[in-house]
Amino acid sequence: MRAAQETYTHGHAESVLRSHLIRTVDNSAAYLAGHLQPGAVVLDVGCGPGSITLDIASRVAPGRVLGIDSSAGVLDGARVLAAQAGAGNVTFELGDVYALDAANDSFDVVHAHQVLQHLGDPVAALREMLRVCRPGGVVAVRDADYAAMTWYPADSRLDRWLEIYRAVAKSNGAEPDAARHLLAWAHAAGAGTVVPSASVWYYATPEQRAWWGGLWADRILSSSIRQQALDGGYAGAEEIADISAAWREWAAHPDGWFAIVNGEVLCRP
């Protein structure tokens with residue numbers, strides 16, 4: 001979120017935004033749904049292309065929602081999506097999670113989905129999110145755990161995919177296994193109360209496998225992850241191409257199965 005000092009491992013290639021654009025409250029923030037009441041004022045940190053933001057806005061109307069991100073380009077896309085949806089109660093702005101442009105106690109809900117895993121100082125980010133949350137409000141954070149991802153059938157090329165991704169993320173000062181750290185980070189940030197939970201994304205039907213496998217087959221070739229892997233010496237071009245092929249083979253396998261554990265915390269100031 002602090003563009004000059006943080007590196008977003010995934011970048012904003014089409015293969016990345018393709019996954020972000022299908023996210024909704026139901027499939028990505030169900031643990032928060034009960035707190036999205038009409039009239040609430042919400043901050044969505046690291047909103048990306050805005051699909052979750054717009055769903056939140058529909059649930060809290062006539063309340064207001066502000067989505068912030070460090071990428072001007074991705075915010076332009078979010079504004080187009082909002083205009084197409086006729087969402088008049090949501091705005092999108094550039095923002096820095098370490099220095100939010102808001103007074104203390106400004107929001108009823110502060111939300112961040114798959115953001116802390118990309119930050120060098122997630123505790124400082126959480127502390128700032130808690131600062132702008134009103135007494136009685138809630139800070140909601142959800143992040144994946146790459147080391148806990150599991151799949152079938154086994155494939156050494158997908159093992160290498162995970163090794164390479166985690167190495168690239170670590171080289172950026174990020175924590176790819178953020179889910180397991182969320183409770184500790186919330187405590188370290190000084191949250192008054194923390195309710196932890198977890199949920200799973202899974203891909204097992206032919207349609208789900210085609211989407212997820214195709215997405216990563218493209219992402220490993222075309223997103224910024226590829227160049228970072230090459231530049232860092234974590235993989236060569238031939239191996240990366242082989243990993244892309246492995247993803248397509250997994251997607252075509254009739255028994256293919258993939259699961260992602262997501263950690264969640266609901267924090268009160």
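Is Glu-128 buried or exposed? In this predicted model, Glu-128 is buried, because its relative accessible area is 11% and the cut-off for a buried residue is under 20%. Glu-128 belongs to helix H5, which covers residues 122–131. Leaving aside residues up to four places away in sequence, the contacts of Glu-128 are Val-97, Tyr-98, Ala-99 and Leu-100.

**Backbone features**

Two peptide bonds that lead into a proline are cis. One runs from Ala-61 to Pro-62, and the other joins Tyr-152 and Pro-153. Pro-62 sits in the loop that links helix H3 (51–60) with strand S2 (65–69). Pro-153 occupies the loop between strand S6 (150–152) and helix H6 (156–171).

| Cis peptide bond | Omega |
|---|---|
| Ala-61 to Pro-62 | near 10° |
| Tyr-152 to Pro-153 | about -5° |

Positive phi values also occur at residues that are not glycine. Asp-105 has a phi of about 60° and is located in the loop between strand S3 (90–94) and strand S4 (107–113). Gln-114, with a phi of about 55°, is part of the loop between S4 and H5.

Which level of exposure does Asp-105 have at 39% relative accessibility? Asp-105 counts as partly exposed, because its value falls between the limits of 20% and 50%. Gln-114, by contrast, counts as buried because its relative accessibility is 10%, under the 20% limit.

Note on methods:
Residues are numbered from 1 along each chain as its sequence is written. This is a predicted model: local features need pLDDT of at least 70, side-chain atom pairs count only at pLDDT 80 or more; totals for chains, interfaces and linings use all residues. Side-chain values use heavy atoms; hydrogens and water are left out. Helices (H or I, at least four residues) and strands (E, at least two) are DSSP runs, numbered from the N terminus. Buried means under 20% relative accessible area, exposed over 50%, partly exposed in between (1.4 Å probe, protein chains only). Contact means heavy atoms within 4.5 Å.
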